[in-house]
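Ready to practise reading a protein model? Keep the sequence and the 3D view side by side, and try each task before you look at its solution.

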Amino acid sequence: MDREQIIKGLRASNAVAAKVLAEGKHPFGAVLLGPDGETVLMEQGNVSTVRHAETELARLAAEKFDPDYLWSCSLVTNFEPCAMCMGTVYWANIGRVIYGVAEEKLLELTGAHEENPTLNMPCRDLVAAGQKAIEVIGPVPELEAEILQLHRDFWR
């Protein structure tokens with residue numbers, strides 16, 4: 001994927017996050033892009049503290065699409081996937097993950113917030129422990145301020 005496609009995908013995931021924020025949910029969003037890096041196959045916002053956008057999307061995608069097809073797709077999310085989410089992406093056989101802002105930046109905003117007890121487990125470390133060479137792209141510094149804006153007031 002080229003930089004323009006990456007940025008477009010991240011903005012799409014952030015738009016999903018804005019939509020669920022308006023519904024009172026945690027502002028996390030994810031989209032599944034087809035092999036062309038352009039076509040949005042699915043989108044998902046955060047549902048709850050245990051039903052994260054990436055996990056829900058990966059599960060639904062695994063039910064809908066063939067694993068070989070998913071290997072050529074990209075899950076794009078506004079924040080770095082947590083261990084639960086990355087594990088689900090791994091098992092769903094999605095071949096690429098793109099995220100906008102690192103988990104450590106989220107921790108700076110949330111601190112010890114009971115609704116987001118952030119894990120210190122970079123998604124690349126989880127992938128490295130597995131048997132699949134999932135490509136991970138992120139963070140994307142030029143979109144950090146735009147993505148963080150949804151979160152600044154939410155976690156206070």
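The exercises below work through this predicted model.

**Exercise 1. Aromatic pairs**

Task: Classify the ring pair Phe-65 and Tyr-69, then the ring pair Tyr-90 and Trp-91.

Solution:
- Step 1. A pair of aromatic rings is described by the distance of the centres and the angle of the planes.
- Step 2. For Phe-65 and Tyr-69, the centres are 5.5 Å apart and the planes meet at 35°, so this pair is tilted.
- Step 3. For Tyr-90 and Trp-91, the centres are 5.3 Å apart; with planes at 85°, which is over the 60 degrees needed, the pair is edge-to-face.
- Step 4. Now place the rings. Phe-65 is buried at 18% relative accessible area, while Tyr-69 is partly exposed at 30%. Tyr-90 is buried at 12%, and Trp-91 is exposed at 70%.
- Step 5. Look at Tyr-90 once more: the charged end of Lys-132 sits over its ring, 4.8 Å from the centre.

**Exercise 2. Cysteines**

Task: Find out how many disulfides the structure holds.

Solution:
- Step 1. A disulfide needs two cysteine sulfur atoms within 2.5 Å.
- Step 2. For Cys-85, the nearest cysteine sulfur belongs to Cys-82 and is 3.6 Å away, and Cys-85 is in no disulfide.
- Step 3. For Cys-123, the nearest cysteine sulfur is again that of Cys-82, 10.0 Å away, and Cys-123 is in no disulfide.
- Step 4. The count for the structure is 0 disulfides. Cys-85 is buried, at 1% relative accessible area, and Cys-123 is buried, also at 1%.

**Exercise 3. One side of a helix**

Task: Which residues of helix H7 (residues 144-152) are buried, and how are they placed around the axis?

Solution:
- Step 1. The buried residues in H7 are Ile-147, Leu-148, Leu-150 and His-151.
- Step 2. Their arc around the axis is only 145°, which puts them on the same side of H7.
- Step 3. A general rule helps here: an α-helix has 3.6 residues a turn, so residues three or four places apart point the same way.

**Exercise 4. Nonpolar cores**

Task: Describe the largest nonpolar core and the elements that supply it.

Solution:
- Step 1. This core has 23 residues, and Leu-32, Leu-70, Met-86, Val-89 and Ile-94 have the most contacts inside it.
- Step 2. At least two core residues come from each of strand S1 (29-33), helix H2 (53-64), helix H4 (83-92), strand S4 (96-101) and helix H6 (123-128).
- Step 3. Zoom in on Leu-70. Beyond its neighbours within four places in sequence, Leu-70 is in contact with residues including Leu-32, Ala-61, Phe-65 and Ile-94.
- Step 4. A second, separate core has 17 residues, among them Leu-10, Val-76, Ile-137 and Leu-143.

Technical notes:
Residues numbered from 1 in each chain as written. Predicted model: local features only at pLDDT ≥ 70, side-chain atom pairs only at ≥ 80, totals over all residues. Heavy atoms only, no water. Buried < 20%, exposed > 50% of the residue type's maximum accessible area, 1.4 Å probe, protein only. Helix = DSSP H or I, 4+ residues; strand = E, 2+ residues; numbered from the N terminus. Arc of directions from axis to C-beta. Phe/Tyr/Trp six-rings, centres within 6.5 Å; stacked < 30°, edge-to-face > 60°. Lys NZ or Arg CZ within 6 Å of the ring centre and 35° of its normal. Core = buried A, V, L, I, M, F, W, Y, C linked by side-chain atoms within 4.5 Å. Contact = heavy atoms within 4.5 Å.
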